[in-house]
Amino acid sequence: MYTSVVEWWEAAKSRFATFCRRYAVTARRQDRAGVARGMASLSYLHGRLNRGEHVDWALYEGAKERLRGLLEARAKVLAFQSRLKELEEGEKPSAYFFQAARARRGASAFEGLKRPDGTVAEGSAMLAVAEAYYAELFSRRACDLVAEAALLDCVSARLESEEAQSMEADVALEEEKAFDRVQHGFLHGVLKRMGFGPRFIGWVRTLYAGVYSCVRVNGFLSGPVEQLGVWQGCPLSPLLYVLFIEPFAELVRRGPGRRRVRLPASGEVLKVQQYADDTTLFVSSARSLARIRALTDLFGAGTGSKVNLAKSSVLYCGSWRDDRSGGGFSVCTGGLKILGVRFFARESAALNWEARLNLVRTRLASGPAVSCH
């Protein structure tokens, strides 16, 4: 059929290239369809989980494994293509390739998670590490009953009888529209101590009974983890947390001390300011600072809560004459940020306004010129 071997070779290459292109198009279609089916299956099972419906865990794990296999195959193709580019052009993979690879992989993908012993888990083993971490975070902790009783004895605020009765009333139709480490038993004790009725406390028990969460790692969900806190994003959560933390605030307010922080104009004694789970304490001596640390330890013993030392620091202001070691907390060398406002040892107002004015000046300078006639 051919006049020479060269002509035959060129025709063979053309036919083989056509076959490869058709095969690649079919394979891509099958890959996309498989990933789409896998995502749809997982989305359906996620919906059942979110609605509290029964889910066959074997079926669920099988769907995850199939989708994981497809995505790993895609990753191998990308790796092969990057190596092929390097061989053909004699250069390392370009920035464009890495950008495309990251976009396909997703910005939230993890390559590994570190275990408590320092080793790194990869692949499907990451789900077990994440599940164990949150299971420990939300686990029930044995509380000191003596410390718990001492904290509850500090609760002095109580509802009036009319307020308590209104909280016991039926919920109207127009009304059914993150705080971890909130021990439910202690929260119920605070509600009872404040005069909330059994019906309202029963509603709170019902809302948070049997609550669990799942950890999502690279698009895959772990097994259920019991959650003991109150839900982030729920309108009731910050209100419940304010009640939960009230015994600690009352402990601070009742504390003795000769040298107190007073506001310049009114002379009001300032000891504690709270906004949800952010607490700001004002002390005037190293002894008072040590007492604050003792009170946080007492609150932790009675409730299972724990101060996040990584987010807690001490800022020394004015004519502080005592030791400046921090009393167990880290010492803030720059500005201390509280609810978006940064406080300094001196001239806090001027420094805060200057930063904002500089931002306004920068934005005005970079904006378009406007000519008015």
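Which residue takes a positive phi in the hairpin of β7 and β8? Keep that question in mind while the whole chain is on screen, and bear in mind that this is a predicted model. The chain has 373 residues, of which buried residues make up 29%, and its secondary structure comprises 11 helices and 12 strands. About 25,700 Å² is exposed by the chain, with carbon and sulfur atoms supplying 57% of that area.

Begin by selecting residues 272-275, which form strand β7, together with residues 278-281, which form strand β8; the two strands pair in the antiparallel sense over 4 bridges. Within this pair, Val 272 stands opposite Leu 281 in β8. Moving to the turn, where 2 residues lie between the strands, select Ala 276, the residue that takes a positive phi, near 55°.

Next, select helix α5, residues 145-153, and colour Ala 147, Glu 148, Leu 151 and Leu 152, which are buried. Looking down the axis of α5, one sees these buried residues fall within an arc of 135°, so they line one face of the helix. To see what they pack against, add α7 (184-193), α9 (236-254) and α10 (286-303) to the selection. At the N-terminal end of α5, show the side chain of Asp 144, which caps the helix, with a side-chain oxygen 2.9 Å from the backbone nitrogen of Val 146.

With those helices still displayed, turn to the largest nonpolar core, which has 29 residues, and select the members that touch the most other members: Phe 186, Leu 187, Leu 191, Phe 196, Val 204, Phe 244 and Phe 299. The elements giving two or more residues to this core are α5, α7, α8 (198-207), α9 and α10, and α9 gives the most, with 8 residues. Centre the view on Leu 191 and, leaving aside its neighbours within four places in sequence, look for its contacts with Phe 196, Ile 201, Val 204 and Leu 243. A second, separate core has 17 residues, and Leu 42, Val 55, Val 215 and Phe 220 are among them.

Keep Phe 220 selected for the last stop and add Arg 68, which lies in helix α2, residues 57-89. Is Arg 68 buried or exposed? Its relative accessibility is 11%, and because buried means under 20%, Arg 68 counts as buried. Not counting residues up to four places away in sequence, Arg 68 touches Ser 124, Leu 127 and Phe 220, and Phe 220 is also one of the residues in the second core.

Key
Residues numbered from 1 in each chain as written. Predicted model: local features only at pLDDT ≥ 70, side-chain atom pairs only at ≥ 80, totals over all residues. Heavy atoms only, no water. Pairing = 2+ DSSP bridges. Buried < 20%, exposed > 50% of the residue type's maximum accessible area, 1.4 Å probe, protein only. Arc of directions from axis to C-beta. Contact = heavy atoms within 4.5 Å. Polar contact = N/O pair within 3.5 Å; in protein donor to acceptor, adjacent residues only side chain to side chain. Core = buried A, V, L, I, M, F, W, Y, C linked by side-chain atoms within 4.5 Å. Areas by Shrake-Rupley, 256 points an atom, 1.4 Å probe, with all protein chains shown as cover.
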